[in-house]
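Please open the structure in a viewer and keep the sequence panel visible. The tour below proceeds by selections, each followed by a description of what is to be found there.

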Amino acid sequence: MNQLVLINGAPGSGKSTMATAVAVDYELMLALDVDGLKHSLSRWEEDLSVSGLHARRLALALAREHLIAGYDVVLGQYLARTAFIEELEELAIQLDAQFIEFVLDINPDALASRLRLRAESPSRPEHAVNNRLVRAADAAGLVESIQGLRRARPHAIWVEASGAQASTLKRIRAGLAPLTHRCEAT
């Protein structure tokens, strides 16, 4: 059974890093970057809502095609509201795939530290863009913004993410069901 894996969490918590690391464990697993899709749309900054919603539609279409082809999908995305999570879950149900939902649980101090580091030395092109939208001073509000998911999404797996990324990755890998496409080298 194929899997559609969501790694949710506040900006700067390590979602994209975790998604990329998980994907290399599996044969042709797609690490789908919704923000990357949004940033590849021309003039996306003119209307963040329209470009963001369109990037999500594109992500659903890409995920659908990849799952139909027999492969797994992982995406890291900050989702404080449930609508897109529910769309992902519905897609998995339609395609008889397993939906696994992780939420990175990070404390505000650790998040603020990561956001400061990201602002000082961005490691990916999208960081330069995101640094204009999210600052270290926003950390407490960002952490608080996803707390409602504890009630709204009771089956989500909350993963402690305040420490080393290797520990977070180990916890995520432990929460994934064994896949038939898993690479033997890992």
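A salt bridge, as the term is used here, is a side-chain nitrogen of Lys or Arg within 4 Å of a carboxyl oxygen of Asp or Glu. The model on display is a predicted one, and a search of the whole structure finds five such salt bridges.

**The whole chain**

Begin with the entire chain in a cartoon view. The chain has nine helices and five strands. Read from the N terminus, the elements follow the order β-α-β-α-α-β-α-β-α-α-α-α-β-α. Of the 186 residues in the chain, 45% are buried. Consider next the contacts between residues at least 6 apart in sequence: 79% of them join residues at least 24 apart.

**First stop: Asp25 and Arg173**

Select Asp25 and Arg173 and show their side chains. These two residues form a salt bridge, in which the closest N and O atoms are 2.6 Å apart. Asp25 belongs to the loop between α1 and β2 (30–32), whereas Arg173 belongs to helix α9, so the pair ties together parts that are 148 residues apart in sequence. Is each partner buried or partly exposed? Asp25 counts as buried because its relative accessibility is 2%. Arg173, at 31% relative accessibility, counts as partly exposed.

**Second stop: helices α1 and α9**

Keep Arg173 in view and add residues 15–23, which form helix α1, and residues 165–175, which form helix α9. The axes of these two helices come within 10 Å and cross at roughly 55°. The two helices are therefore oblique to each other. The crossing in which α1 passes α9 is right-handed. Which residues make the contact? On the α1 side they are Thr17, Met18, Ala21 and Val22. On the α9 side they are Gln165, Thr168, Leu169, Ile172 and Arg173. Sorted by class, this contact of α1 with α9 has five nonpolar, three polar and one charged residues.

**Third stop: Gly14**

Move now to Gly14, which lies in the loop between β1 (3–8) and α1. With a relative accessibility of 11%, Gly14 counts as buried. Select Leu169 as well: its C-alpha atom and that of Gly14 are separated by 9.6 Å, although the two residues are 155 residues apart along the chain. Leaving aside residues up to four places away in sequence, Gly14 touches Leu104, Arg114 and Gln165.

**Fourth stop: the network around Arg153**

Select Glu89, Glu101 and Arg153 together; they are linked in a network of salt bridges. Side chains of opposite charge can pair when their charged atoms come close.

Take first the salt bridge between Arg153 and Glu89, with an N to O distance of 3.1 Å. Arg153 is found in the loop between α8 (149–152) and β5 (157–160), and Glu89 in helix α4 (residues 83–94), so this pair ties together parts that are 64 residues apart in sequence. Arg153 has a relative accessible area of 10% and is therefore buried. Glu89 is partly exposed, its relative accessible area being 28%.

Turn then to the salt bridge between Arg153 and Glu101, where N and O are 2.8 Å apart. This pair links distant parts of the chain, for Glu101 sits in strand β4 (residues 98–105) and Arg153 in the loop between α8 and β5, 52 residues apart. Glu101 is buried, with a relative accessible area of 5%.

**Last stop: helices α3 and α4**

From Glu89, which lies in helix α4, extend the selection to the whole of that helix and add helix α3 (residues 48–68). How do the axes of α3 and α4 cross? They come within 11 Å and cross at roughly 20°. That angle makes α3 roughly parallel to α4. In passing α4, α3 makes a right-handed crossing. Display the side chains at the contact: α3 contributes Arg56, Ala59, Leu60, Ala63, Arg64 and Leu67. From α4 come Phe84, Glu87, Leu88, Leu91 and Gln94. By class, the contact of α3 with α4 has seven nonpolar, one polar and three charged residues.

Conventions: Residues numbered from 1 in each chain as written. Predicted model: local features only at pLDDT ≥ 70, side-chain atom pairs only at ≥ 80, totals over all residues. Heavy atoms only, no water. Axes fitted to C-alpha atoms, helices over the stretch in contact; angles between N-to-C directions. Helix = DSSP H or I, 4+ residues; strand = E, 2+ residues; numbered from the N terminus. Parallel < 35°, antiparallel > 145°, perpendicular 65-115°, else oblique. Left-handed = near helix turned anticlockwise from the far one by under 90°. Contact = heavy atoms within 4.5 Å. Nonpolar A, V, L, I, M, F, W, Y, C, P; charged D, E, K, R; others polar. Buried < 20%, exposed > 50% of the residue type's maximum accessible area, 1.4 Å probe, protein only.
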